[in-house]
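Colleague: Could you walk me through how the labels on this one were assigned? I'd like to hear the reasoning behind each.

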Amino acid sequence: MQQFFKDISQIKGITCRENVPLAPLTTMKVGGKARCFITPSTIGALERVLRFLHRHQISFKVLGNGSNLIVEDEGVGVVLSLSLLKGIYRSKCDSVYVEAGCSLPGFLKWCIKNGYTGLESLVGIPGSLGGAISMNAGANDVSIGNFVKELCITTADGSYWLKADENTFHYRAGSIPPGGLVSAVRFRIRKEGEAQCVQKGIVAADALVPSHGSLVRDNIRQAMKKRLSTQPLGQASAGCIFKNPLPECSAWSLIASCGLQGFRMRDAQVSPKHANFIVNLGQASSHDVLSLIGLIKKRVWENTGVVLKEEVVVWRHEEEFWQK
Ligand SMILES: Cc1cc2nc3c(=O)[nH]c(=O)nc-3n(C[C@H](O)[C@H](O)[C@H](O)COP(=O)(O)OP(=O)(O)OC[C@H]3O[C@@H](n4cnc5c(N)ncnc54)[C@H](O)[C@@H]3O)c2cc1C
């Protein structure tokens with residue numbers, strides 16, 4: 001492992017740290033350390049890291065803002081953080097280029113400043129752009145994937161642009177080619193007078209549309225008010241734990257119907273405010289949260305016959321990195 005650190009630290013444009021605690025880098029505030037934590041400062045440096053890891057057959061994980069993530073207490077191996085890649089550049093014609101490490105709240109601020117409407121429902125989602133694309137984050141019938149023109153995919157062989165089509169995004173999932181990660185996104189911007197996309201007689205929100213910053217800000221305030229009234233935003237959580245089994249069947253209503261709202265396993269609690277959130281009351285471990293997830297699934301299955309599927313991503317312990 002020491003040789004590995006020595007070699008990887010030679011790569012230009014990156015910082016590399018050992019044994020970095022991941023709990024503070026996630027919104028759930030649980031989990032162990034990353035044996036090796038790498039932060040590239042440019043997409044070129046990211047390509048060099050991926051090439052190095054590929055050559056040495058070392059697997060890696062990508063961290064966004066850690067807002068949909070539960071890391072096991074015993075820790076994981078190599079983690080790449082794109083937090084330094086956060087540029088936003090408006091192209092001359094019909095798109096805006098955003099790097100994957102830009103935060104969603106940061107991009108919404110840009111939309112207010114530059115007067116673009118479309119993504120306001122996503123206010124309060126504390127993710128990075130890369131994480132939002134990977135999860136196809138959404139709220140109130142607006143999903144980020146609908147607005148994407150193309151994705152910059154970075155792999156060990158370099159970076160390329162992937163045009164988004166109807167197969168790229170699904171409910172809370174983006175199809176990212178294996179071995180690659182999202183390093184940047186181009187969002188569509190509708191030019192004035194351009195026809196809107198109509199699906200089944202409904203105008204589909206599929207592009208940012210020029211508007212007034214003050215209107216965009218008002219929409220954001222409204223959406224945030226709604227979110228504050230329904231979600232435990234002041235507490236540590238990873239957002240919704242489970243996917244909704246069907247559009248008309250929400251996970252929270254199934255969990256609430258089992259009488260689990262407020263149920264606790266040590267400091268991990270089913271939120272009394274929103275039954276599909278687990279909150280960390282202070283000292284919860286990843287083990288507590290994962291045990292509570294298992295219990296919820298079991299109860300919901302026994303009482304309703306529905307198998308809940310996790311929306312949150314769980315990073316399992318990678319023992320091999322901790323033996324060397
Ligand atoms: C209070 C709260 C409210 C929330 N509300 C919503 C909501 O309304 N709707 C919703 O959809 N979600 C919601 N979430 C969940 C979460 O914020 C989103 O899923 C968010 O998009 C995750 O982004 P992230 O950067 O935090 O990803 P992370 O949690 O860091 O990672 C999630 C997954 O994405 C992968 N990933 C991250 N970056 C990249 C990349 N660049 N390339 C490839 N893969 C990558 C990671 O490897 C991991 O598998 C909420 C969470 C919280 C805490």
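**Labels and their reasons**

Modeller: Sure, starting with the ligand: β3 (60-63), α4, β9, β15 (181-188), β19 (236-240) and β23 (313-315) each give at least two residues to the shell around it. Keep in mind that this is a predicted model.

Colleague: Which element supplies the largest share of that shell?

Modeller: That's α4, with five residues. In total, 36 residues surround the ligand, and Val62, Gly64, Ser67, Ser128 and Gly138 are the closest. By type, the shell splits into 18 nonpolar, 16 polar and two charged residues.

Colleague: What makes the approach of valine 62 to the ligand a polar contact?

Modeller: The cut-off is 3.5 Å between N or O atoms. A backbone N or O atom of valine 62 sits 2.6 Å from a ligand oxygen, so the pair qualifies. Alanine 132 also has a backbone N or O atom 3.3 Å from an oxygen of the ligand. With arginine 172, a polar side-chain atom is 3.3 Å from a ligand oxygen. As for cover, the protein takes up 93% of the 980 Å² of accessible area that the ligand has on its own.

Colleague: Now the cysteines. How many disulfides does a search of the whole structure find?

Modeller: Zero. Take cysteine 16: its nearest cysteine sulfur belongs to cysteine 36 and is 3.7 Å away. A disulfide needs the two sulfurs within 2.5 Å, so cysteine 16 is in none.

Colleague: And why is cysteine 249 not bonded to cysteine 258?

Modeller: Because 11 Å is too far for a bond, and that is the distance from the sulfur of cysteine 249 to the closest cysteine sulfur, in cysteine 258.

Colleague: Why does cysteine 249 count as buried?

Modeller: Buried means under 20% relative accessible area, and cysteine 249 has 19%, so it gets the label.

Colleague: Which label does asparagine 136 get, buried or exposed?

Modeller: Buried: its relative accessible area is 4%, against a limit of under 20%. Asparagine 136 lies in the loop between α4 (129-135) and β9 (138-139). Its phi is near 45 degrees, a positive value in a residue other than glycine.

Colleague: What makes aspartate 141 exposed?

Modeller: Its relative accessibility is 83%. Exposed means over 50%, so aspartate 141 counts as exposed. You'll find aspartate 141 in the loop between β9 and β10 (142-143). Phi of aspartate 141 is positive too, at about 70 degrees, although the residue is not a glycine.

Methods: Residues numbered from 1 in each chain as written. Predicted model: local features only at pLDDT ≥ 70, side-chain atom pairs only at ≥ 80, totals over all residues. Heavy atoms only, no water. Buried < 20%, exposed > 50% of the residue type's maximum accessible area, 1.4 Å probe, protein only. Helix = DSSP H or I, 4+ residues; strand = E, 2+ residues; numbered from the N terminus. Near = heavy atom within 4 Å. Polar contact = N/O pair within 3.5 Å; in protein donor to acceptor, adjacent residues only side chain to side chain. Areas by Shrake-Rupley, 256 points an atom, 1.4 Å probe, with all protein chains shown as cover. Nonpolar A, V, L, I, M, F, W, Y, C, P; charged D, E, K, R; others polar.
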